[in-house]
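User: I would like to go through this model term by term, with each label set against its definition. Please start once the structure is in view.

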Amino acid sequence: MAFVEFRGVRKVYQMGEVEVAAVDGMDFSIERGELVVIVGPSGAGKTTLLNMLGGMDSPTSGAIVLDGRDISHASPKELTLYRRHDIGFVFQFYNLVQNLTALENVELASQICTHPLPAADVLRQVGLGHRLDNFPGQLSGGEQQRVAIARALAKNPKLLLCDEPTGALDYETGKAILGLLQDTCRDTGKTVAVVTHNSAFTAIADRVIHIREGRVAGVEVNDRPLSAEVLEW
Ligand SMILES: Nc1ncnc2c1ncn2[C@@H]1O[C@H](COP(=O)(O)OP(=O)(O)O)[C@@H](O)[C@H]1O
Ligand SMILES: [Mg+2]
């Protein structure tokens with residue numbers, strides 16, 4: 001069995017009289033330790049997919065398996081523990097607590113976990129050893145996203161999920177963040193999934209999952225992914 005499996009997953013939202021199938025029957029798998037890029041146009045269902053994999057939403061039907069465990073029928077309480085222990089989440093707009101320092105933002109997340117990594121170590125690992133005592137407002141966008149990545153990694157999750165992590169960043173900074181995610185995957189062996197609408201990012205992935213209109217339009221496995229450093233778009 002693969003590390004992650006989606007089997008016939010559907011998510012239907014009821015909008016008054018109308019049903020919207022945001023995810024309309026998805027099947028795919030991800031192997032442990034892979035860097036996966038999930039790519040598709042706006043509205044394709046990428047965020048819905050990621051939120052279900054992250055335990056923030058449950059499928060209408062189908063099965064989602066992580067590390068041998070089917071989470072599609074988990075109770076709200078079980079999903080809380082799943083989000084807390086198994087998943088690290090990185091968002092487009094960082095979502096840091098503004099009146100806590102970089103170090104405190106990371107510590108806040110590790111406090112709710114059973115086996116956290118030392119917050120300062122993880123911040124050093126993402127290149128922010130000199131910024132531990134700065135508040136988010138004193139950091140650049142790229143630095144704030146590094147804090148958000150450190151916060152997710154400090155939980156020592158099984159899976160790191162990133163929804164448009166470079167969406168708010170300029171070209172060079174976005175490239176550096178992709179490089180950090182790629183290095184994290186290589187150096188720590190963590191499974192990392194990055195959602196994007198930018199098809200150029202697919203070149204750095206071990207596995208690419210193309211999404212269109214709520215379905216998987218294709219899957220590619222890259223034997224020789226590019227280093228994020230040499231990526232251009
Ligand atoms: N909570 C919701 N209620 C109703 N419709 C939704 C909801 N979330 C997403 N959708 C719809 O599902 C589709 C896929 O959305 P989303 O997963 O956000 O796509 P993407 O992240 O690829 O842009 C869109 O048509 C969107 O409007
Ligand atoms: Mg989205």
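Analyst: The largest share of the shell around ligand 1, three residues, comes from H1. This is a predicted model, in which local features need pLDDT of at least 70, side-chain atom pairs count only at pLDDT 80 or more, and totals for chains, interfaces and linings use all residues. Residues are numbered from 1 along each chain as its sequence is written, and side-chain values use heavy atoms, with hydrogens and water left out.

User: What makes a residue one of those around ligand 1?

Analyst: A residue counts as near a molecule if one of its heavy atoms lies within 4 Å of it. The residues around ligand 1 include Tyr 13, Met 15, Lys 46, Thr 47 and Thr 48. Strand E1 (4-15) and helix H1 (46-53) are the elements that give two or more residues to this shell.

User: Why is the approach of Thr 48 to ligand 1 called a polar contact?

Analyst: A polar contact is a pair of N or O atoms within 3.5 Å. An N or O atom in the side chain of Thr 48 is 2.6 Å from an oxygen atom of ligand 1, so the pair meets the definition. Thr 47 also brings a polar side-chain atom to 2.9 Å from a ligand oxygen, while for Ala 44 a polar backbone atom is 3.1 Å from an oxygen of ligand 1.

User: How do you know that Lys 11 and Asp 57 form a salt bridge?

Analyst: The term requires a side-chain nitrogen of Lys or Arg within 4 Å of a carboxyl oxygen of Asp or Glu. The N to O distance between the side chains of Lys 11 and Asp 57 is 3.1 Å, and therefore the pair qualifies. Lys 11 lies in strand E1 and Asp 57 in the loop between H1 and strand E4 (61-66), 46 residues apart, so that distant parts of the chain are linked. The structure holds ten salt bridges.

Terms used: Chains are lettered from A and ligands numbered from 1 in the order in which they are written. A polar contact is a pair of N or O atoms within 3.5 Å; within protein, one must be able to donate a hydrogen and the other to accept it, and residues adjacent in sequence count only if both atoms are side-chain atoms. Helices (H or I, at least four residues) and strands (E, at least two) are DSSP runs, numbered from the N terminus.
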